[in-house]
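Visitor: I should like to understand how the terms used for this model are justified. Could the guide take them in turn?

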Amino acid sequence: MSISNAPLPDILAFEDPEPLTPGSGVDLPRAQAAITDFLRALGRDDSDPHLLDTPRRVAAAYAEMLTPRETSWTTFPNDDGYQGLVLVKDIPFHSLCQHHLLPFRGVAHVGYLPGERLFGLSKLARGVELFSRDLQVQERLTQQVANWLEATLAPRGVGVVMEAEHLCMSLRGVHTAGTMTRTSVFTGLLADAGPLRGQFPNH
Ligand SMILES: Nc1nc2c(ncn2[C@@H]2O[C@H](COP(=O)(O)OP(=O)(O)OP(=O)(O)O)[C@@H](O)[C@H]2O)c(=O)[nH]1
Ligand SMILES: [Zn+2]
């Protein structure tokens, strides 16, 4: 099943979540042949020993960057009735800009106010990876992580803040190295500014 920008699948139901299958649309031999053509079109000498295996490496690198790791989506009942914020800060992530196929990378802060279910904490970081390993724009990525938490946990509120440097702005084009783009989505009881939302860095 491809996760590319598709509506959230029903299997994200929170009672018994199944593992998501990573995107299966990658055709490695075809990608490798395309990189060979690409290098020739860029006027590179493909007899250079360092370039001989580059098409295979590049195809494999992009396939890896576009494929999230398999995981299980364990949730637990909130038997103790915990009402406070669960917030995992500074989750490193990287993704690929849909416009230039160059990386953007930074940190995500992901939190929720639990309802009846709790996530294993690592799953918040895995959720960021799930949607990052795609050709993305940062706004959609942020919204997808928030939508996924809503659909999976039915929490009382969700907050997702993402801060990233886009290499398409740093290495080319406008050449503004070091800029950081912040996107955020807050829902439910976190939609309005207040002390809970204030726990998010740079909210
Ligand atoms: N909204 C949004 N824009 C992005 C993101 N990543 C890259 N972009 C922008 O996408 C735009 C593409 O603009 P175009 O004018 O079509 O492409 P371009 O000529 O390469 O643009 P420059 O980067 O300004 O040279 C650029 O302004 C990028 O900065 C993102 O995650 N969200
Ligand atoms: Zn870009």
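**Helix packing and ligand shell**

Guide: Helix 3 (residues 121-132) packs with helix 4 at an angle of about 130 degrees, their axes being 9 Å apart. The model is predicted: local features need pLDDT of at least 70, side-chain atom pairs count only at pLDDT 80 or more, and totals for chains, interfaces and linings use all residues. Residues are numbered from 1 along each chain as its sequence is written, while chains are lettered from A and ligands numbered from 1 in the order in which they are written.

Visitor: Why is helix 3 called oblique to helix 4?

Guide: Angles under 35 degrees count as roughly parallel, over 145 as roughly antiparallel and 65 to 115 as roughly perpendicular, the rest being oblique. The angle is about 130 degrees, and therefore helix 3 is oblique to helix 4.

Visitor: Which residues make the contact?

Guide: Helix 3 contributes G127, V128, F131 and S132, and helix 4 contributes L141, Q144, V145, W148 and L149; contact requires C-beta atoms, placed from the backbone, within 7 Å. These residues divide into six nonpolar, three polar and no charged.

Visitor: What makes a residue part of the surroundings of ligand 1?

Guide: Its C-beta atom, placed from the backbone, must lie within 6 Å of the molecule. The residues around ligand 1 are C97, H99, V137, Q138, E139, H166, C168, M169, G173 and V174.

Visitor: Which helices supply at least two residues of that shell each?

Guide: Helix 4 (138-153) and helix 5 (167-170) do, helices being DSSP runs of H or I with at least four residues, numbered from the N terminus.

Terms used:
Axes are lines fitted to C-alpha atoms, for helices over the stretch in contact, and angles run from 0 to 180 degrees between N-to-C directions. Two residues are in contact if their C-beta atoms, placed from the backbone, lie within 7 Å. Ala, Val, Leu, Ile, Met, Phe, Trp, Tyr, Cys and Pro count as nonpolar, Asp, Glu, Lys and Arg as charged, and the others, Gly among them, as polar.
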